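Work through the exercises below with the sequence and the structure side by side. Try each task before reading its solution.

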2 protein chains.
Amino acid sequence: MAKKPIPDIVVGRLPQYLRSVQRMAAQGRVVTSSQELGERLGISAAQIRKDLSQFGEFGKQGTGYQITFLIDQIRHILHVDKEWDVAIVGAGDVGSALARYKGFHNRGFRVAAIFDNDPEKVGSRVDSFTVLDTSRMVEEIRKAGIRIAMITTPAPAAQEVANMLIEAGVRAILNYAPISLNVPNNVRMQQIDPSIHLQRMTYYLD
Amino acid sequence: MAKKPIPDIVVGRLPQYLRSVQRMAAQGRVVTSSQELGERLGISAAQIRKDLSQFGEFGKQGTGYQITFLIDQIRHILHVDKEWDVAIVGAGDVGSALARYKGFHNRGFRVAAIFDNDPEKVGSRVDSFTVLDTSRMVEEIRKAGIRIAMITTPAPAAQEVANMLIEAGVRAILNYAPISLNVPNNVRMQQIDPSIHLQRMTYYLD
């Protein structure tokens, strides 16, 4: 499959397609269509066909998509046909909930370690993990070759944590701390802040 | 201020501007500029000036923005110059973490109730809340006039919960369940799924 630059907005829709078809597969389904996917996702069937066609030939007009084939292809495109180790920094409520979260299963991710700098938390158990001291973080992450991390610290600590993670080799950060982080161009960053998501909706409420 | 339709992509940036200037205010800052905001957020200064100009006159060329004025205006535009009651449905790890989350403070939201259908959870305490039975949800939400909810149930339950919430008068849903929900046009929906955010980044990792 020839690689050419794909707009990030298209890349951003692929995980949604994948989640939908994985759900169909779990329900025993074999074939789907751009129409059905579109209805489930609130995206036009034409858009879905156009998005997928950028990566190759996934189905024939009129016969739909083979679900297992589509899953394999999208997982390959998104590089989640392997399991990535993910580090969590911050063993508070959000970090602990993520450490226990079952939703990473079959999505390409596995929590590998959880760090905190609070002496009361270091050494304690969260799910099957022992909370490690942040002072060991750069060394541990480098040793384990971890390239993805989730930051769940309070806002004031988040930028320094991000700097340490990047120094250790992390190249993708999911930031739950309610602050904008500066990262170099070779590092990907996404943020999750429920207040930001809610405020985007209250604009439309009267 | 005359209201005209604003693109949703612009609306989506306002909460980020607000969070940044609120942080500056907390640090005792008085004035900022589109340049400074842009550097913090990774958005061009020109884009920020253009976005804000759609809502009125917030600053003069060369003198920057008064931070408290900008905060008041954006809060007004986003309708978070009041506090919205928010219901949580699902008292598992994620719902409980949200019930305890301190990050809604000063952002326009207040958790008002948490529901679950598990008899073992109903009646138990989460932070200062008693978990209520989902069977009472429509009645309670209607009575309290709650219009915003966060769904933190397992995927199979989420659509039915959404239907009940909408029946009860909810018009904005933040969906943490890893499934796409169908909602009518008069209901706003945003989703948070860490695997989706992570997969959007692994595309760029090799």
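**Exercise 1. Which residue in β11(B) stands opposite B:L174?**

Solution. The model is predicted, and local features need pLDDT of at least 70, side-chain atom pairs count only at pLDDT 80 or more, and totals for chains, interfaces and linings use all residues. Residues are numbered from 1 along each chain as its sequence is written, chains are lettered from A and ligands numbered from 1 in the order in which they are written, and side-chain values use heavy atoms, with hydrogens and water left out.

Step 1. Find strand β10 of chain B, residues 172-175. Helices (H or I, at least four residues) and strands (E, at least two) are DSSP runs, numbered from the N terminus.

Step 2. β10(B) and β11(B) pair in the parallel sense over 4 bridges. Two strands pair if DSSP finds at least two bridges between them.

Step 3. The residue opposite B:L174 is B:Q190.

Step 4. Place the pair in its sheet: 6 strands of chain B form an open sheet with parallel pairing, in the order β8-β5-β4-β9-β10-β11. Its edge strands are β8 (132-133) and β11 (188-191) of chain B, each pairing on one side only.

**Exercise 2. Describe the pairing of β4 and β5 in chain A.**

Solution. Step 1. Chain A also has an open sheet of 6 strands in parallel pairing, ordered β8-β5-β4-β9-β10-β11. At its edges are β8 (132-133) and β11 (188-191) of chain A, each of which pairs on one side only.

Step 2. Strand β4 (residues 84-89) and strand β5 (residues 109-116) of chain A run parallel and are joined by 6 bridges.

Step 3. Read off two partners in β5(A): A:V86 has A:V111 as its bridge partner, and A:A87 stands opposite A:A113.

Step 4. Check the cover of β4(A): 5 of its 6 residues are buried. Buried means under 20% relative accessible area, exposed over 50%, partly exposed in between (1.4 Å probe, protein chains only).

**Exercise 3. Which residues of helix α4 of chain A are buried, and what do they pack against?**

Solution. Step 1. The helix covers residues 67-77, and its buried residues are A:I67, A:L70, A:I71, A:Q73, A:I74 and A:I77.

Step 2. Compare the spacing with a general rule. An α-helix has 3.6 residues a turn, so residues three or four places apart point the same way.

Step 3. The buried residues of α4(A) pack against α1 (8-26), β1 (31-32), α2 (34-41), α3 (45-53) and β3 (64-66) of chain A.

Step 4. After α4(A) comes A:H79, with a positive phi near 60 degrees.

**Exercise 4. Follow A:R100 to its contacts.**

Solution. Step 1. A:R100 lies in helix α5 (residues 93-100) of chain A. Its relative accessibility is 29%, so A:R100 counts as partly exposed.

Step 2. Leaving out residues up to four places away in sequence, A:R100 touches A:V126, A:D127 and B:D93. A contact means heavy atoms within 4.5 Å.

Step 3. Take one of these, A:D127, in the loop between β6 (125-126) and β7 (129-130) of chain A. A:D127 has a positive phi near 55 degrees, although it is not a glycine. With a relative accessible area of 39%, A:D127 is partly exposed.

Step 4. Set this beside a general rule: most residues other than glycine have a negative phi.

Step 5. Chain B offers another such case, B:N106, whose phi is about 70 degrees. B:N106 sits in the loop between α5 (93-100) and β5 (109-116) of chain B.

**Exercise 5. How are the two chains related, and how is chain A built overall?**

Solution. Step 1. A turn of 180 degrees and a shift of 0.0 Å along the axis lay chain B on chain A with an RMSD of 0.0 Å. The superposition is by least squares on the C-alpha atoms of residues with pLDDT of at least 70 in both copies.

Step 2. The two copies are therefore related as by a two-fold rotation axis. The same surface serves both copies, as 100% of the contact residues of chain B recur in chain A.

Step 3. Chain A has 8 helices and 11 strands. Of its 206 residues, 52% are buried.

Step 4. Among contacts in chain A with a separation of 6 or more, 56% come from residues 24 or more positions apart.
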